[in-house]
Amino acid sequence: MDYPFFHVSHYIDGQFVDRGPRFDILYPATNHVIGSAPEAGAAEVDAAVQAAARAFRQWSRTPVAERRLILKRFAQLIRDHEAELAAIETWDVGRPISENRAGYIPRIAANIEFFADFAATHGSEAYPMDNGYINYVLRQPVGVAALIAPWNIPLLQATWKMGPALAFGNTVVMKPAELTPIGTWRLAQLAHEAGVPPGVINVIHGFGPNSAGEFLTKHPDVKLISFTGETTTGKIIMAAASSTLKRVSFELGGKGANLIFADADLDRAVAISLRSSFFNQGEFCLAGPRLLVQRPIYDAFLERFRAAAANLTVGDPFAASTKVGALISREHHERVSSYIAIARDSGARIIQGGTQPNLPSPFDQGNFLQPTIIVDVQPRDRVCQEEIFGPVVTVAPFDDEEEAIAIANGVGYGLSAVVQTRDVGRAVRLGAALEAGTIWINDFFVRDLRVPFGGMKNSGIGREGGHYSLEFYTEAKTICLSNQ
């Protein structure tokens, strides 16, 4: 097959910069080198932060209406390059191109557009006092924002963070994951074309410890950090941020439960569960890899779900028929596969998948894994407790609401959950009882940019979305106006 080659660079102070040792970018579906990117050292990180700090003085004072026009041009360029960006995301991640074409790029543009409009139209607060004084609240940008995005949905996460940070007047230094640098680099090019002023957006590449990630999170001129990624890394970043009291917003790991009650529409339940289990190869913090099925329908559901999973096409991400692409790297493939071995060793049964599919060259060199279903598990088993982050799910029966809630809440994560039932009262009860930041009733991954998004327990700190993003990316200042 024909491979592109992406010569990725940093974007610092309005210039594309090739400084630092370069590292290879691999296509997950074949492990072929498709590009290279430079690793930022302390000097490059400092240059990016200082550029952002200088730009902040002007960008923070730029009228909101003017910022809005610039960001709307940026969003329109994203839409204009939809086909290209969809392909880049597949080269970067190994996700099927069909998923990138199903509204994914317009949603990326919407992340920029929504917050550009929100910043220009939101109101402030005023509190008249009985003595005639009036208190009113100003919302002002914080400063330089460090935005650290994960490798699983890099374009979506980049704009989810850029949108509010920029719209509310902050400047940004973004570090994409080292495994997926291409898309964010291309976004920088589009932002440059849209007329975003130099220094307002900076993109640096590199790794975590003793590299770009550590230098960025410890930099004294960074005022806030928005990070999406693994929980352990979040704890390290929080420790690094504490010495300078940076504000932080973390969306971390997940181990969501998918609760399917006996009164659920069985066909719909299977369709929803396929998506919540195997979308993006299961490399999705919002996934629902713990399927809990009420005992009266357990056997019927499991039979249909297993057959549907077995029918998912695994292979070439650019083929229109492919439903499951490649895992991000060989290392991650080995990690995910190790959990299948752990499950077998604990006495669980693998009733579907569990092995690498037999694919033709060059995909036989890729990081593919069949959709995998594990049964005969106990709630405290490692495969039910730890985030696997791959196309591996467990299915277990339950008897009543009380048991389902106890199992669902019995993990250290609390990012999302799915409840499938036709009983409105039950849906309300479960929505209140489940320990998760987002709970979908009879669907999965439906997002409204106005609502809070984030996790409980080890799944994160803080919320973003709508005015929750406003609260994070701005300082609230109270002005008390005398009546004299």
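Contact here means heavy atoms within 4.5 Å. The model is predicted.

**Annotated span**

The UniProt record, an unreviewed entry, lists residues 21-479 as "domain: Aldehyde dehydrogenase". Helix makes up 42% of this span and strand 21%. The C-alpha atoms at its two ends lie 50 Å apart.

**Helix 9 and its surroundings**

Helix 9 covers residues 231-242. Its twelve residues should span 16 Å at 1.5 Å a residue, and the end C-alpha atoms are 17 Å apart, so the two values agree. At the start of the helix, a side-chain oxygen of Glu 230 comes to within 2.9 Å of the backbone nitrogen of Thr 232.

Which residues of helix 9 are buried? They are Thr 231, Gly 234, Ile 237, Ala 240 and Ala 241. Their cover includes one helix, helix 8 (212-218). Strand 8 (144-148), strand 11 (222-228), strand 12 (247-251) and strand 18 (413-414) are also among the covering elements.

**Lys 218**

Lys 218 belongs to helix 8. With a relative accessible area of 46%, Lys 218 is partly exposed, because that class lies between the buried limit of 20% and the exposed limit of 50%. Leaving aside residues up to four places away in sequence, Lys 218 touches Ala 240 and Lys 246. Ala 240 is one of the buried residues of helix 9. The distances from Lys 218 are tabulated here.

| Partner of Lys 218 | Kind of distance | Value |
|---|---|---|
| Glu 214 | polar contact between side chains | 3.0 Å |
| Ile 237 | C-alpha to C-alpha, 19 residues apart along the chain | 8.3 Å |

**The seven-stranded sheet**

Seven strands form an open sheet with mixed pairing. Their order is 15-16-17-14-13-19-20. Strand 15 (349-352) and strand 20 (438-441) stand at the edges. Each has a single partner strand, so one side of each is left without a neighbour in the sheet. On average, neighbouring strands are turned by 25 degrees against each other, direction ignored.

How do strand 16 and strand 17 run, and how many bridges join them? Strand 16 (residues 372-375) and strand 17 (residues 392-398) run parallel, joined by three bridges. Ile 374 has Thr 394 in strand 17 as its bridge partner.

Helix 14 (residues 401-409) packs on this sheet. It touches strand 13 (257-260), strand 14 (290-294) and strand 17. The direction of helix 14 makes about 175 degrees with that of strand 14.

Methods:
Residues are numbered from 1 along each chain as its sequence is written. This is a predicted model: local features need pLDDT of at least 70, side-chain atom pairs count only at pLDDT 80 or more; totals for chains, interfaces and linings use all residues. Side-chain values use heavy atoms; hydrogens and water are left out. UniProt positions are given in the numbering used here, feature names are shortened, and annotations may be inferred rather than shown by experiment. Helices (H or I, at least four residues) and strands (E, at least two) are DSSP runs, numbered from the N terminus. The expected span of a helix is 1.5 Å times one less than its number of residues. Buried means under 20% relative accessible area, exposed over 50%, partly exposed in between (1.4 Å probe, protein chains only). A polar contact is a pair of N or O atoms within 3.5 Å; within protein, one must be able to donate a hydrogen and the other to accept it, and residues adjacent in sequence count only if both atoms are side-chain atoms. Two strands pair if DSSP finds at least two bridges between them. Axes are lines fitted to C-alpha atoms, for helices over the stretch in contact, and angles run from 0 to 180 degrees between N-to-C directions.
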